[in-house]
Amino acid sequence: MLRVISRENVIVAQFDLFEDCRDFFINSTEKSLDDFFSIFDKKFCLIPTRYAKVCDVVGIKGQDRLNTVPPAVIRQAAQDIKLDIEAIFENSNNLEYLKNYLRMRVFLDSMLAADVDSTKLISMIESQEHEGVKSNLQTFVDPVPTRYSMCNSVTGRLSVKQGPKILTSPQEVKSVLRSRHENGSILQLDLSCAEPNFAMFCNGESPMNDLYEFCASEVLEGKVERSTAKLILLSAIYGQSTKNLSSALPAGIIASAVIKKVKSFLAIDSLNDRLKDAWRADNFRNYFGRPLKTDQPRLLISHYLQSSVAEMSVLLFEEFCKEYRADPLFVIHDALVIDASPELAKELLGRKKFRFKFKDQGFPAAITKIS
């Protein structure tokens, strides 16, 4: 069914069920299944820790490390790894998720190195007082393509493992980005009301361009402003206490009552019941099949929506870049930063409304010009 290559970091080389996976992971530190297996709490290595430490001390690197380990130890480690991998893929849900994982991994590894205005960047760095912020901004100097980890959070939200730390740098750093295209533009595409709209989608309803405004005017009958409706809606989804919400509401608005109304509109209780059933059956997963772990039932909704939206975003961005031949620079959770030719920038910025197509539905997005 599968063949394990004896390397320092063991990687699956071939799956008979997935022809497009063949050799995908060979001799590559970027395009690997490391994140995939980490989701299942597996970090494979043929070399026991005690041997690895000796190699570090004496400076032995790469494939030469394998020569320090007795062949019998290597064979046993490979056999144990093979059994662990086979156990993972005995579950058809895990195999199905692998298809989505591979699409996401390939796209995330396709990010291009950003071109920056060095003078403006250095000035920005020098103006900072916080050393942590300075350190993050320094990663944009002579940048390499950003590479992401998909396993450093329980929900699968991305983290940067190499390159510019776009996720933890101040928003203003995007102003130093320059287009490689003559008269080109740096654009950002943001999914609108992403997680509440995904809750709508789960209920069989169409995502809305401005769900917060709709809730303010229709669901809550114009009794609150849009910003307050957004707070109520997110509180309903993520379980913020009514005591904390009450302090932000206008006089006469009862927190428990408006949360109940919004929950009913989004069918949150119905979704939560379905997730509880899956959780009790030890099969709690996001929409795309990624296994999720929590021992707190109150987190089911938030973990499901955050994880599903995080991975849907990557898949939508992959389809977008393929269709529009856009140059991806960064994924910032549910936003995509691209380097656009003048023709593409004109086409996208000229649209009054833009929607990513997903499962016969349209997820609205805002498109802005950064530089």
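This passage describes the packing of helices α7 and α13, the largest nonpolar core and the surroundings of Thr155 in a predicted model. Local features were taken at pLDDT of at least 70 and side-chain atom pairs at pLDDT 80 or more, whereas totals for chains, interfaces and linings use all residues. Residues are numbered from 1 along each chain as its sequence is written, and side-chain values use heavy atoms, without hydrogens and water.

Helices α7 (residues 194-202) and α13 (residues 300-324) have axes 9 Å apart, at an angle of about 100°. Helices are DSSP runs of H or I with at least four residues, strands are runs of E with at least two, and both are numbered from the N terminus. Axes are lines fitted to C-alpha atoms, for helices over the stretch in contact, with angles from 0 to 180 degrees between N-to-C directions. The two helices, α7 and α13, are therefore roughly perpendicular (65 to 115 degrees). From α7, Ala194, Glu195, Phe198, Ala199 and Cys202 meet Tyr304, Leu305, Gln306, Ser308, Val309 and Met312 of α13.

The largest nonpolar core (buried Ala, Val, Leu, Ile, Met, Phe, Trp, Tyr and Cys residues joined through side-chain atoms within 4.5 Å) has 112 residues, and Phe198 and Phe320 are among those with the most contacts inside it. Helix α13 supplies the largest share of this core, 13 residues.

Thr155 lies in the loop between β4 (147-149) and β5 (159-162). Its relative accessibility is 4%, so Thr155 counts as buried (under 20% relative accessible area, 1.4 Å probe, protein chains only). Beyond four places in sequence, Thr155 is in contact (heavy atoms within 4.5 Å) with Arg290, Leu292, His303, Gln306 and Ser307. The C-alpha atoms of Thr155 and His303 are separated by 5.8 Å, although the two residues are 148 residues apart along the chain.

Terms used. Parallel < 35°, antiparallel > 145°, perpendicular 65-115°, else oblique. Buried < 20%, exposed > 50% of the residue type's maximum accessible area, 1.4 Å probe, protein only.
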